[in-house]
Amino acid sequence: SDVSIVHQGQRKAVGTGDWATDTDTTYLGLRTGEAGTYVVGVSTLVRQLGLDAADFNQYLASDGVIDVLKQRALDKELDQGSWEQYSKHVKAVFQVGDRPTGGLDVVLGYPAELIPLANPYALQVGGEMVVRALVDGKPVAGQLVIAGGDGGAHGVIAERETRTDAQGVARFRVDQAGRWYVKFINMQKTEAEGLDYESKWATLSFEIR
């Protein structure tokens, strides 16, 4: 539904002419401008998915939607399957040249969104990455957020979890160089016909050099 690029606080729509998919990987060709830090955002159209009880419970447990899993246990619904409406909202932060620039905190208005409040290309190992979680444009408190990644030759960056504060802010210590991701899934029950839940996924990826 949207592809945008942000540089120094200015947002520009990107066409999908250079968009290609290959099994589980999507490729997007971009022409950058001057040196600095860029953000690319992608917001997908809504889709629906039906799962039986065992698969749905496993998905909730493995993807960090434990609040819904706990509520299903309290409501004695663990033996029930589910129909879910979902959409995914992805951002990648990347650096052109050696000069980090600001303006990364532009809100793109996606249903779920992670806003970088620190520039990862100005951080060193041992620093702190700070993000704000938004759902429907508003900070979401108490949201479970997960970070991890690929450290290349140094191995997997182990996943770690935290909760957002009252302002929707989550903080992670960047203890390893490599390609990092921060993500969350916000899932709520819905009364829409034929559906049980609506989930909104947000991911932010970047590199710590």
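## A guided look at cores, charges and rings

At 2% relative accessibility, E113 counts as buried in this predicted model.

Visitor: Let's stay with that glutamate. In which strand does E113 lie, and which side chain forms a salt bridge with E113?

Guide: Happy to start there! E113 belongs to strand β8. Opposite charges are a good thing to look for here, since such side chains can pair when their charged atoms come close. For E113 the salt-bridge partner, at 2.8 Å from N to O, is K91.

Visitor: Where does K91 sit in the chain, and how many residues apart are K91 and E113?

Guide: K91 is part of strand β7, residues 82-96. E113 is in strand β8, so this bridge links distant parts of the chain, with the two residues separated in sequence by 22 residues.

Visitor: Is K91 buried or exposed?

Guide: The cut-off for buried is under 20% relative accessible area. K91 has a relative accessible area of 3%, so K91 is buried.

Visitor: Which backbone nitrogen lies 2.6 Å from a polar atom of the E113 side chain?

Guide: The residues that E113 touches, leaving out those up to four places away in sequence, include K91, V106, V107, L108, R132 and F184. Among these contacts, the side chain of K91 makes a polar contact at 2.8 Å. The backbone nitrogen at 2.6 Å from a polar atom of the E113 side chain is that of L108.

Visitor: How many salt bridges are there, and how far apart are the N and O atoms of D67 and R163?

Guide: The count for the structure comes to 9 salt bridges. One of them joins D67 in helix α2 (residues 66-74) to R163 in strand β12 (residues 156-163), 96 residues apart along the chain. The distance from N to O in this pair is 2.8 Å.

Visitor: Why does D67 count as partly exposed, and what is the relative accessible area of R163?

Guide: Partly exposed covers what falls between buried, under 20%, and exposed, over 50%. D67 has 41% relative accessibility, so D67 counts as partly exposed. R163 is partly exposed too, and its relative accessible area is 36%.

Visitor: Which residue forms a salt bridge with K200?

Guide: K200 is in strand β15, and the partner lies 64 residues away in the loop between β9 and β10 (138-139). K200 counts as buried at 11% relative accessibility. The closest N and O atoms of the pair are 2.8 Å apart, and the partner is D136.

Visitor: Turning to the nonpolar side, how many residues are in the largest core?

Guide: In soluble globular proteins, nonpolar side chains tend to be buried together. Here, the residues with the most contacts inside the largest nonpolar core are L114, M129, V182, F184 and F206. Strands supplying at least two residues each include β8 (112-116), β14 (178-189) and β15 (197-208). The size of this core is 30 residues.

Visitor: How many residues make up the second core?

Guide: The second core is separate, and V65, I185, Y197 and W201 are among its members. Its residue count is 10.

Visitor: How are the rings of Y38 and F94 arranged, stacked or tilted?

Guide: There are 4 aromatic pairs in the structure. For Y38 and F94, the ring centres are 5.4 Å apart. Their planes meet at 10°, and planes under 30 degrees apart count as stacked, so this pair is stacked.

Visitor: How many residues apart in sequence are Y38 and F94?

Guide: Y38 is buried, with a relative accessible area of 4%, while F94 is partly exposed at 23%. Y38 lies in strand β5 (residues 36-43) and F94 in strand β7, so the pair ties together parts whose separation in sequence is 56 residues.

Visitor: Which four residues form one aromatic cluster, and which lysine lies over the face of W201?

Guide: The aromatic cluster is made of F56, Y59, Y197 and W201. Two of its members are buried: F56 has a relative accessible area of 1% and Y197 one of 5%. At 4.5 Å from the ring centre, the lysine over the face of W201 is K88.

Visitor: One last stop: how far apart are the C-alpha atoms of H154 and L78?

Guide: H154 lies in the loop between β11 and β12. H154 is exposed, with a relative accessible area of 66%. L78 is 76 residues away along the chain, and the C-alpha separation is 39 Å.

Note on methods
Residues numbered from 1 in each chain as written. Predicted model: local features only at pLDDT ≥ 70, side-chain atom pairs only at ≥ 80, totals over all residues. Heavy atoms only, no water. Core = buried A, V, L, I, M, F, W, Y, C linked by side-chain atoms within 4.5 Å. Buried < 20%, exposed > 50% of the residue type's maximum accessible area, 1.4 Å probe, protein only. Helix = DSSP H or I, 4+ residues; strand = E, 2+ residues; numbered from the N terminus. Salt bridge = Lys/Arg side-chain N within 4 Å of Asp/Glu carboxyl O. Polar contact = N/O pair within 3.5 Å; in protein donor to acceptor, adjacent residues only side chain to side chain. Contact = heavy atoms within 4.5 Å. Phe/Tyr/Trp six-rings, centres within 6.5 Å; stacked < 30°, edge-to-face > 60°. Lys NZ or Arg CZ within 6 Å of the ring centre and 35° of its normal.
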